[in-house]
Amino acid sequence: MSHGLAPLSLTLRLFLIVVAGVLFAMTVSNAFHEYERARWLTEERERNALEHFTDTLRLLATLQPAARAAALGALPEPTWRSAIDPDPAAERGVVAPLFAERLASRLDQGPAVAGAWRTGTPAGTTTPPDPPIFSVHLRFPDGQNLALTYRSPAHGNVTRPWWRVLRARDFFETTVIALVAWRVIRRALRPLAQMTRAVEEFG
């Protein structure tokens, strides 16, 4: 019986190698897709925040300080938060110099951008909050200082659980490939099985 199991054992080994290779290829491909998706979402949210900051600050720059304060109170919460003459020592997050530079280039003759920050990683966690929060400190030509915070809308998480790397359709595709591989390997090894039986009968 042990001799009769030898071809089947080889079939199983080849079958497992094929299935493992398919799963590995799918995992690598999906992991790369997740990386590209996260990078695109991060860049898209930053562009969206820049556009909202630019439109809002251009409007605020046309107002007097008293009217500006009233306009800030009309901004929807929790998307927007503002503070006039903010505390310089207040916690801000992770410095985002590139964001500040891009915003300043869009404002032209508007308020001066003193700095920009992106919400950092909360204590006890390993990833930043999703969606991200952007904060900027500005100084208007009339001397008024302003801290303005914008929370990006949630359009899907940037980071997803590791088990989401393999999607439901991948298991279906793997099952189909496994069935086909099993049939092909059995057919390919049939001559070897026949040769083994012939040797056993001759011996």
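**A walk through the predicted model**

Let's start on helix 1, where Arg47 and Glu44 both sit, 3 residues apart, or about one turn of the helix. Helices here are DSSP runs of H or I with at least four residues, strands are E runs of at least two, and both are numbered from the N terminus. What joins the side chains of Arg47 and Glu44? They meet in a salt bridge, with 2.7 Å from N to O. The term stands for a side-chain nitrogen of Lys or Arg within 4 Å of a carboxyl oxygen of Asp or Glu.

Before going on, keep in mind that this is a predicted model, where local features need pLDDT of at least 70 and side-chain atom pairs count only at pLDDT 80 or more, while totals for chains, interfaces and linings use all residues. Residues are numbered from 1 along each chain as its sequence is written, and side-chain values use heavy atoms, with hydrogens and water left out.

Now step back for the whole layout. The protein has 5 helices and 5 strands, and if you read along the sequence, you meet them in the pattern α-α-β-β-α-β-β-β-α-α. There are 203 residues in the protein, and 29% of them count as buried. That word means under 20% relative accessible area, with exposed meaning over 50% and partly exposed in between (1.4 Å probe, protein chains only).

Back to the opening pair with those words in hand. Arg47 has a relative accessible area of 37%, so Arg47 is partly exposed. Glu44 is partly exposed too, at 32% relative accessibility.

How many salt bridges are there in total? The count comes to 5. Another of them joins Glu43 to Arg39, whose closest N and O atoms are 3.5 Å apart. Both of these residues belong to helix 1 (residues 2-61), and they are 4 residues apart, about one turn of the helix. Glu43 counts as partly exposed because its relative accessibility is 35%, and Arg39 is partly exposed at 37%. This pair also has company: Glu36, Arg39 and Glu43 are linked in a network of salt bridges.

Then there is the salt bridge in which the side chains of Arg102 and Glu46 meet, at 2.7 Å from N to O. The pair ties together distant parts of the chain, since Arg102 is in helix 3 (residues 97-107) and Glu46 is in helix 1, 56 residues apart. Are the two partners buried or exposed? Arg102 is partly exposed, with a relative accessible area of 36%, whereas Glu46 has 17% and is therefore buried.

Next, look inside. The largest nonpolar core has 21 residues, and those with the most contacts inside it are Phe53, Leu57, Phe99, Val136 and Leu148. Such a core is a set of buried Ala, Val, Leu, Ile, Met, Phe, Trp, Tyr and Cys residues joined through side-chain atoms within 4.5 Å. Which elements give two or more residues to this core? They are helix 1, helix 3, strand 4 (133-139) and strand 5 (145-151). Helix 1 supplies the largest share, 5 residues.

Strand 4 is also home to Ile133, which is buried because its relative accessible area is 11%. Its C-alpha atom lies 9.6 Å from that of Pro153, 20 residues apart along the chain. For contrast, try Ala71, which has its place in helix 2 (residues 65-73). With 25% relative accessibility, Ala71 counts as partly exposed. The C-alpha atoms of Ala71 and Thr56 are 9.8 Å from each other, and these residues are 15 apart along the chain.

Finally, move to the surface. Arg183, Arg186, Arg187 and Arg190 gather there in a patch of positive charge. Helix 4 (residues 168-188) gives the most to this patch, 3 residues. Arg183 is in helix 4, and with a relative accessible area of 55% it is exposed. A second patch is nonpolar: Phe172, Val176, Val180 and Val184 make up about 380 Å² of surface. Val180 is found in helix 4 and, at 48%, is partly exposed.

Patches are made of residues with over 30% relative accessible area and no salt bridge, with like charges joined within 9 Å and nonpolar side chains (Val, Leu, Ile, Met, Phe, Trp, Tyr) within 5 Å.

Technical notes. Accessible areas come from the Shrake-Rupley method with a 1.4 Å probe; for residues, only the protein chains shown count as cover. Lys and Arg count as positive and Asp and Glu as negative; His and the chain ends are not counted. The place of a charge is taken as NZ of Lys, CZ of Arg, CG of Asp or CD of Glu.
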